[in-house]
Amino acid sequence: MLEPSADEIRDWGDSAVQFMVDYLGDLHDRGVYRHMSSRRIRDRLDAALPTKGTDFDSLLKVFRETIIPFSRQNAHPRMFGYVQSPGVPLAAFADLLASTLNANLTVWRSAPAPVELERLTIDWIRQILGFNAKAGGLFVSGGSMANFAAIAAARQAKANSSGRLRIYASSETHFSIAKAAAMLGIGRENVHQVAVDEHFKIRTDDLVAKITADLDAGYVPFCIVANAGTVNTGAVDPLADIREIADRFQLWMHVDGSYGAFAILAESARKLFTGMERADSIALDPHKWLYLPVDVGCVIYRDPEKARAAFTHEAEYTRIIGEQGDETFAFWDYGPELSRRFRALKVWMLLKGVGLDALSQAIESNLACARYFESMVQRSDDFEMAAPVELSIFCFRHVPVQLKNKSAEAIDAFNERLLVALQRDGSSYLSNATLGGRFALRGCVLNYRTALRDMEILLDDLRRVARSLPRSV
Ligand SMILES: Cc1ncc(COP(=O)(O)O)c(C=O)c1O
């Protein structure tokens, strides 16, 4: 098994590819989710520490019979929970090839062509976003790590004082910003939460007021985090206005575009992102709205030299000997990781293999699904929207006739029970959000397989599952 023969490799490949064909072929007929317990899964796994090997068919059998049925089916067209991409078959092959080569993208000499491919692919992403030609960055594990790297770069560039540092971000900002502040020693409490308006976008008057008050109180403001698609509702902050405020106070502007930034590819959403290209850094997640499988996040810096100042580190075991110029390039100078896998291959294969036109169309179609759902809710008398649809996230509540005159608490409690029942039913999957202190059902269309019909099925599923709930409201 450690070094299989050519025939064995071919047999394994045939079985794995046949499995993939069957799995993707049945996807629409599978439930998105089923009720399961940790115990039940553990009971099915042979827990004995293996001393002798097992043949490939037996390993694949465990994958087919235990891993697959006891997983959430993220590729399903009605998987609307969280910010979950479906994955693309092309990337499964890219991952196979990347693991075959097992390139380690630390520095140019370790993986010359893979490093060039990553730099090329990052440059394509830079062009998609409209950043200047000097901008650059790297792939990381996900949006959280991209936010972490950007905040580290921001601190290095802007906060060389010993005072108490401050970051500004709306109350709708993803928790990875607060985690980054905690890990970097800035402190969660120094991420100053800024109020949002009725569209869940940052209120720039409150932003300016908070920065001014902090300056008066002796804090050291250094960074504003703007959202290009919040995790709860998909709100895009007024990016051009935030750039202007950042310039006024000489702060770093970071954009968290992990969920939404690739929607710039859709004509109907493009203008929301005006000003994004002038951010000092941006966090992106190709494993969200470029549909790729985890893990691949991305951070782009407008001036990569500023990031280099935060991350570069000399050591004898990494000293580059015998190379000059472009051949001395090291990714470790721009981010926290040393060993890095060949994430670029799947991004490159996707962009080159599918092309921007088809990706733009798929994103446009996701936006259309969310807007269609909103219009159906607005036309119904038993559902209400909890937030406006900006991108592909839709937040809403079911308010059937028997709940019409009940309290907000009763409606929230009913929707919470409905969420769990819907997830266990398995035909459609939603997650949840708290908006203005109230519970909301939350969906996010992030799958090129999702069609308008799926949005109708979701409403039908909700009504059907709601009718089956005990009437204890
Ligand atoms: C807006 C936003 N930022 C950051 C993240 C974190 O991304 P990741 O899960 O790739 O670390 C998410 C995840 O959903 C997100 O929606």
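**Ligand site, sheets and cysteines of the predicted model**

A backbone N or O atom of G143 lies 2.8 Å from an oxygen atom of the ligand. The model is a predicted one. Two side chains also approach ligand oxygen. In S144, a side-chain N or O atom is 2.6 Å from an oxygen atom of the ligand. In H287, a side-chain N or O atom is 2.8 Å from an oxygen atom of the ligand. The ligand is surrounded by 15 residues. The closest of these are G143, S144, D256, D285 and H287.

Several of these residues can be placed against an open sheet of 7 strands. The strand order is β1-β7-β6-β5-β4-β2-β3, and the pairing is mixed. The edges are taken by β1 and β3 (191-194). Each has a single partner strand, so one side of each is left without a neighbour in the sheet. Neighbouring strands are turned by 20 degrees against each other on average, direction ignored. Helix α6, residues 143-158, packs on this sheet. The helix touches β1, β2, β4 (220-227), β5 (252-257), β6 and β7. The direction of α6 makes about 175 degrees with that of β5.

At the β3 edge, the pairing is parallel. Strand β2 (residues 165-170) and β3 are joined in this sense over 4 bridges. Here I167 of the sheet stands opposite V191 in β3.

Towards the other edge, the pairing with β7 is antiparallel on both sides. Strand β1, residues 136-140, pairs with β7 in the antiparallel sense over 5 bridges. L138 has V299 as its bridge partner in β7. Strand β6 (residues 281-284) also runs antiparallel to β7, and 4 bridges join the two. S281 has Y301 as its bridge partner in β7.

Strand β7 itself covers residues 297-301. Of its 5 residues, 5 are buried, so the strand is largely enclosed by the rest of the structure. In a regular strand, side chains alternate between the two faces of the sheet. In β7, G297, V299 and Y301 point one way. C298 and I300 point the other way. All of these residues are buried.

A second open sheet has 4 strands. Their order is β8-β9-β11-β10, and the pairing is antiparallel. The edge strands are β8 (383-385) and β10 (431-435), each of which pairs on one side only. The twist from one strand to the next averages 45 degrees. Within the sheet, β9 (residues 393-398) and β11 (residues 438-444) pair in the antiparallel sense over 4 bridges. F396 has L441 as its bridge partner in β11. Helix α13, residues 356-379, packs on the sheet and touches β8 and β9. The direction of α13 makes about 125 degrees with that of β8. Helix α15 (residues 452-467) lies across β8, β9 and β11. This helix runs at about 25 degrees to β9.

The cysteines were examined for disulfides. With a cut-off of 2.5 Å between sulfur atoms, the count comes to 0 disulfides. C298 of β7 illustrates the result. The closest cysteine sulfur to that of C298 belongs to C223, at 17 Å, which is too far for a bond. C298 has a relative accessible area of 0% and is therefore buried. C395 gives a further case. Its sulfur is 9.5 Å from the closest cysteine sulfur, that of C444, and this too is too far for a bond. C395 counts as buried, at 2% relative accessibility.

One loop residue was also considered. A103 is placed in the loop between α4 (89-101) and α5 (112-129). Its relative accessibility is 12%, under the 20% limit for a buried residue, so A103 counts as buried. Which residues are in contact with A103, leaving aside its neighbours within four places in sequence? The contacts are A98, A111, P114, R340, R341 and F342. A226, by contrast, is 35 Å from A103, C-alpha to C-alpha. In sequence, A103 and A226 are 123 residues apart.

Conventions
Residues are numbered from 1 along each chain as its sequence is written. This is a predicted model: local features need pLDDT of at least 70, side-chain atom pairs count only at pLDDT 80 or more; totals for chains, interfaces and linings use all residues. Side-chain values use heavy atoms; hydrogens and water are left out. Two strands pair if DSSP finds at least two bridges between them. Axes are lines fitted to C-alpha atoms, for helices over the stretch in contact, and angles run from 0 to 180 degrees between N-to-C directions. Contact means heavy atoms within 4.5 Å. Buried means under 20% relative accessible area, exposed over 50%, partly exposed in between (1.4 Å probe, protein chains only). A residue is near a molecule or strand if one of its heavy atoms lies within 4 Å of it. A polar contact is a pair of N or O atoms within 3.5 Å; within protein, one must be able to donate a hydrogen and the other to accept it, and residues adjacent in sequence count only if both atoms are side-chain atoms.
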